[in-house]
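Notebook open, viewer loaded. I want to go through this one residue by residue and then step back to the whole chain.

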Amino acid sequence: MGFYAFAQSQETQGDSDFQVWTEFTVAVPLSESKEHRRLDLLFNGVLRLGQNRLFPVDERAGIGLEYAINKNLSLATSYLYRRSEPVKNRTDYEHRLRFDATVSKSFRYFSLKDRNRFEYRIRVNHSDSWRYRNRLTLQLPEYFGKLKLAPFVSDEIYYDFSSKQLTTNDFYIGVSKKFNKSQIEIFLLRRDSSSPPIRKFNAIGINYKIRL
């Protein structure tokens with residue numbers, strides 16, 4: 001409750017935006033076994049449009065490895081390059097090193113997935129920093145007849161070790177659909193943040209992942 005109250009108190013002080021998020025991931029299997037163990041090479045690209053005028057505000061490219069130990073636990077490490085211009089004439093560059101541990105569990109009527117991410121940010125013209133991100137996702141079974149869409153809700157919090165506080169909260173609601181080895185997600189997002197220059201915004205997004 002304290003973080004949400006803080007975010008709401010900051011709303012009137014910061015700028016707002018509406019953004020469009022797109023992300024594309026290709027997973028190339030390097031090894032696989034019947035015991036669910038597998039190692040994937042990941043290629044990732046992100047484009048986000050904003051400034052209330054569909055301007056490229058966030059461009060990313062990354063590469064990584066993901067190891068599925070079993071059906072309930074996976075580990076990943078990745079590198080990401082990011083160029084951003086959240087507001088006009090303010091361009092930032094950074095490199096990110098990420099380490100993930102994801103736990104998932106399926107129940108009769110829903111499934112839960114908890115991704116824990118430690119992220120080291122090497123930023124040009126800003127201090128480097130460590131950040132912890134936790135994203136919890138609840139997914140329901142497939143609905144809507146032949147469409148077979150699976151609704152989900154998700155919440156992600158960001159903790160910055162430099163400032164020693166929660167800085168950002170992302171709330172997602174959307175649907176996902178599987179196509180053989182591919183999966184697509186369409187979602188709405190609400191972000192509340194204590195970090196300038198954009199302290200709050202809404203977004204619509206689409207993520208597409210294909211495993212070769």
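**Entry 1: L39**

I started with L39, which sits in strand β2. Buried or exposed, or something in between? I got a relative accessibility of 25% for L39, so it goes down as partly exposed, the class between the 20% and 50% cut-offs. Worth jotting down here that this is a predicted model.

Next I looked up who L39 touches once residues up to four places away in sequence are dropped. The list reads V28, P29, L30 and S31, then L65, E66 and Y67. For P29 I also pulled the C-alpha separation from L39: 6.1 Å, with the two positions 10 residues apart along the chain counted as their offset.

**Entry 2: β1, β2 and β3**

Those contacts made me check the strand pairing. β1 covers residues 15–32 and runs antiparallel to β2, with 12 bridges joining them. One pair I noted there is V20, which stands opposite L49 of β2.

On to β2 and β3: what is the sense of their pairing, and how many bridges join them? They run antiparallel and I count 13 bridges. L41 faces L65 of β3 in this pairing, and L65 had already turned up on the contact list of L39.

β2 spans 38–50 and β3 spans 55–70. They make a hairpin with 4 residues between the strands, where Q51 has a positive phi near 60°. L54 lies in that loop too. Its phi is about 55°, positive although L54 is not a glycine. I checked the accessibility of L54 as well: 57%, so L54 counts as exposed, the cut-off being over 50%.

**Entry 3: N125**

I then looked at another non-glycine with a positive phi, N125, at about 70°. Where does N125 sit? It is in the loop between β6 (111–123) and β7 (129–139). The relative accessible area of N125 comes out at 75%, so I logged N125 as exposed.

**Entry 4: Y143**

Y143 is in the loop between β7 and β8. I found a relative accessible area of 42% for Y143, which makes it partly exposed. Skipping neighbours within four places in sequence, which residues does Y143 contact? I found K148, L149 and P151.

I also took the C-alpha separation of Y143 and V175: 9.8 Å for two residues 32 apart along the chain. V175 came up again when I looked at P151, since V175 is the bridge partner of P151 in β9. So P151 features twice in my notes, as a contact of Y143 and as the bridge partner of V175.

**Entry 5: β8, β9 and β10**

That bridge sent me to the strands themselves. β8 (residues 150–160) and β9 (residues 165–179) pair in the antiparallel sense over 11 bridges. They form a hairpin with 4 residues between them, and K164 in the turn has a positive phi of about 55°.

β9 also runs antiparallel to β10 (residues 182–193), and 12 bridges join the two. K178 has Q183 as its bridge partner in β10. How many residues lie between β9 and β10 in their hairpin? There are 2, and N180 in the turn takes a positive phi of about 55°.

**Entry 6: the whole chain**

Stepping back, I logged 1 helix and 11 strands in the protein. In sequence order the pattern is α-β-β-β-β-β-β-β-β-β-β-β. The radius of gyration is 18 Å, close to the 17 Å from the globule rule for 212 residues, so the protein is as compact as a globular protein of that length. The C-alpha trace spans about 50 × 35 × 35 Å along its principal axes.

Of the 212 residues, 39% count as buried. I also looked at contacts between residues at least 6 apart in sequence: 45% of those join residues at least 24 apart.

Last came surface and charge. The protein exposes about 12400 Å², with carbon and sulfur atoms supplying 60% of that. I noted 35 positive and 24 negative side chains, with the centres of the two sets 5 Å apart.

Methods: Residues numbered from 1 in each chain as written. Predicted model: local features only at pLDDT ≥ 70, side-chain atom pairs only at ≥ 80, totals over all residues. Heavy atoms only, no water. Rg over C-alpha atoms; globule rule 2.2 N^0.38 Å. Buried < 20%, exposed > 50% of the residue type's maximum accessible area, 1.4 Å probe, protein only. Contact = heavy atoms within 4.5 Å. Areas by Shrake-Rupley, 256 points an atom, 1.4 Å probe, with all protein chains shown as cover. Lys, Arg positive; Asp, Glu negative; His and termini not counted. Charge placed at Lys NZ, Arg CZ, Asp CG, Glu CD. Pairing = 2+ DSSP bridges.
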